[in-house]
Amino acid sequence: MRTPLLALHISAGIVGLLSGTAAMIFRKGSRRHGQAGDVFVVAMLMMAACAIWLAILKHQPGNVVGGVFAFYLVATAWMTARRRDGDTTPFDWIALLIPLFGGMALWITGVSLVRSHVRATDGVPVGMRFFMGSIMLLAAAGDLRMLIGDGMVGGKRIVRHLWRMCFGLFVATGSFFLGQQQVFPMFVRESNVLFVPAILPLALMVFWLIRVRFKHAYEGKATRGGAKLEALQA
């Protein structure tokens with residue numbers, strides 16, 4: 001059972017990396033961006049589902065949590081882009097539980113490992129538990145803010161879609177370029193060049209978030225300025 005699942009996982013991961021990169025390159029809102037994004041979503045959901053099942057078969061609870069979180073990120077990002085401003089569903093309350101309990105679990109186990117003077121487990125630094133746990137709790141806070149408020153509107157909806165897609169891509173690039181370094185030649189691994197494509201989605205995420213924030217802030221000021229001008233002219 002593992003062999004076909006692993007083959008599907010790898011194939012979906014490759015498609016996800018390529019389509020995610022294409023979606024980042026194409027102009028946001030264009031038809032090609034949407035098409036690449038749709039392929040990315042399908043590939044990432046398939047990759048995450050296979051990763052979860054493989055982790056269950058191999059008794060790797062950490063990878064189960066990571067796979068579920070990747071599935072959650074991409075699914076909620078896709079739903080955010082497909083909805084109208086302010087729309088929420090009962091499913092969002094269920095989805096909220098994934099990052100909430102996942103983040104709490106990572107922080108609890110991380111603190112336990114620190115107290116036991118353990119620096120890494122399975123080659124993964126303990127600090128990564130705190131990093132991923134914090135991201136999960138931030139995602140949960142965003143979900144809660146959306147649900148008890150008026151939903152995601154305008155720029156906030158774009159930001160929610162953007163960071164979740166980019167971080168989902170980061171999960172894929174990090175898992176491949178850092179988690180599977182054995183497939184690369186030794187001189188490539190020793191040069192640390194693999195860190196560049198691994199963290200590139202995070203750098204692009206920060207760039208696009210800043211750009212969206214400034215764009216909408218500028219448009220908001222322009223709109224308020226135009227309204228004041230019209231009032232004075234009246």
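This report walks through the fold of one protein chain, from its overall layout down to a single leucine.

## The overall layout

First things first: this is a predicted model. The chain's secondary structure adds up to 8 helices and 2 strands. If you start at the N terminus and follow along, the elements come in the order α-α-α-α-β-β-α-α-α-α. So you meet four helices, then the pair of strands, then four helices again.

How much room do the C-alpha atoms take up? Measured out along the principal axes, they fill a box of roughly 70 × 35 × 35 Å.

## Inside and outside

The chain has 234 residues, and 36% of them count as buried. Now think about which parts of the chain meet each other. Take the contacts with a separation of 6 or more: 70% of these link residues that sit 24 or more positions apart.

## How α1 and α2 pack

Let's zoom in on one pair of helices. The axes of α1 and α2 lie 7 Å apart, and the two helices pack at an angle of about 150 degrees. Because angles over 145 degrees count as roughly antiparallel, α1 is roughly antiparallel to α2.

The crossing of α1 past α2 is left-handed. What kinds of residues make up this contact? There are 18 nonpolar ones, 7 polar ones and 1 charged one.

## The nonpolar core

The largest nonpolar core is made of 34 residues, and F69, W163 and F167 have the most contacts inside it. Several helices give two or more residues to this core: α1 (2-25), α2 (31-57), α3 (61-82), α4 (90-115), α5 (126-148), α6 (155-178) and α8 (195-233). Which one gives the most? That's α6, with 10 residues.

W163 is a good residue to click on in the structure. Leaving aside residues up to four places away in sequence, W163 touches L73, I135, A139, M205 and L209.

## A closer look at L162

Right before W163 in the numbering comes L162, which has its place in helix α6. Is L162 buried or exposed? Its relative accessible area is 10%, so L162 is buried.

Who are its partners? Again skipping residues up to four places away in sequence, L162 touches W208, L209 and V212. L209 turns up in the contacts of W163 as well. There is also A77: it is 85 residues from L162 along the chain, yet the C-alpha atoms of the two are separated by 7.3 Å.

Technical notes. Residues numbered from 1 in each chain as written. Predicted model: local features only at pLDDT ≥ 70, side-chain atom pairs only at ≥ 80, totals over all residues. Heavy atoms only, no water. Core = buried A, V, L, I, M, F, W, Y, C linked by side-chain atoms within 4.5 Å. Buried < 20%, exposed > 50% of the residue type's maximum accessible area, 1.4 Å probe, protein only. Contact = heavy atoms within 4.5 Å. Axes fitted to C-alpha atoms, helices over the stretch in contact; angles between N-to-C directions. Parallel < 35°, antiparallel > 145°, perpendicular 65-115°, else oblique. Left-handed = near helix turned anticlockwise from the far one by under 90°. Nonpolar A, V, L, I, M, F, W, Y, C, P; charged D, E, K, R; others polar.
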